[in-house]
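Dear colleague,

I am handing over the structure below, and my notes on what was found in it follow directly after.

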Amino acid sequence: MSAYHVGGSGEPLLLLHGMTSSWRAWKPLLPMLEEHHEVWAVTMPGHLDGPPMPDGEFSVDLLVDGLTEQLDAIGVPERPHVVGNSLGGWAALELARRGRARSVVALSPAGAWSVPADLYRLLATFRIGALLAGWAPVRALASCGVIRRLLLLTLAEHTDRYTPEEVAELFDDLAGCTILEPLLSAARMDTAIAPFEQLPCPVRIAWSGSDRTIPYGRYGRPMMDAVPGAELVVLPGVGHVPMVDNPALVAWTILQHTRYQVAS
């Protein structure tokens, strides 16, 4: 599998997936986004078929170091519009901090917590999910609608909208991810996203209204405090990875922001 996809024409738009995923998470949106943008969807370092992580003690900064090297190597323009989901949302904000984004849309971005209990809950959620998904019989059981819903509720509200091919891709992506445990092991209270003094570009935070992984009620306010001046919108009826739940809504949420920046 290629580590990235490029298609369409117009202002460049970079898409960054969440933890354990790949560029394929964006496939439901590509036809709509490529009508308006040259779209670059990349698999980030440490994920299936993506580049290896740079040498050094793991941190999100190190991940973004590797990501910027990757973007330069494949020819992504210097300052695209950037859209990221979960870990990709955090990475999108860090690219903006480095002057590498014309605008940002962060979908349920990871990286903010205010009390230890919320950090520990997040770590437990990812560890339990990885443990279950890594158990061989679970992959076979995921073909059953009821069991698939239970397994994928942390990702989506409408798990029936995942095709069998997409479910297989989820498991393949997880198996190919090498940075999950290093990221979880490195997470501490003081490794949350550093607050911005001033946003370097327009930022829209789009939180999934039915997010069970990073619910706004626990993680939204710390994130909004870290990105003062960001616009907040809530996407109804979608889960943590909203691209399958409602592709049209997510594409509209992105294009409403990026097309406004082009017009202005």
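Two strands are taken to pair if DSSP finds at least two bridges between them, and the helices (H or I, at least four residues) and strands (E, at least two) are DSSP runs numbered from the N terminus. Please bear in mind that this is a predicted model, in which local features need pLDDT of at least 70 and side-chain atom pairs count only at pLDDT 80 or more, while totals for chains, interfaces and linings use all residues. Residues are numbered from 1 along each chain as its sequence is written, and side-chain values use heavy atoms, with hydrogens and water left out.

On those terms, E1 and strand E3 (residues 37–42) pair in the antiparallel sense over four bridges, and within E3 it is Ala41 that serves as the bridge partner of His5. Both strands belong to an open sheet of seven, with mixed pairing and the order E1-E3-E2-E4-E5-E6-E7; its edge strands, each pairing on one side only, are strand E1 (4–7) and strand E7 (231–235).

Two helices lie across parts of this sheet, with contact meaning heavy atoms within 4.5 Å and angles, from 0 to 180 degrees, taken between the N-to-C directions of axes fitted to C-alpha atoms, for helices over the stretch in contact. Helix H2 (residues 60–74) lies across E1, strand E2 (11–16) and E3, at about 130 degrees to E3, whereas helix H9 (residues 216–226) lies across strand E6 (203–208) and E7, at about 175 degrees to E6.

For the protein as a whole, the C-alpha atoms fill a box of roughly 50 × 40 × 40 Å along the principal axes.

With best regards
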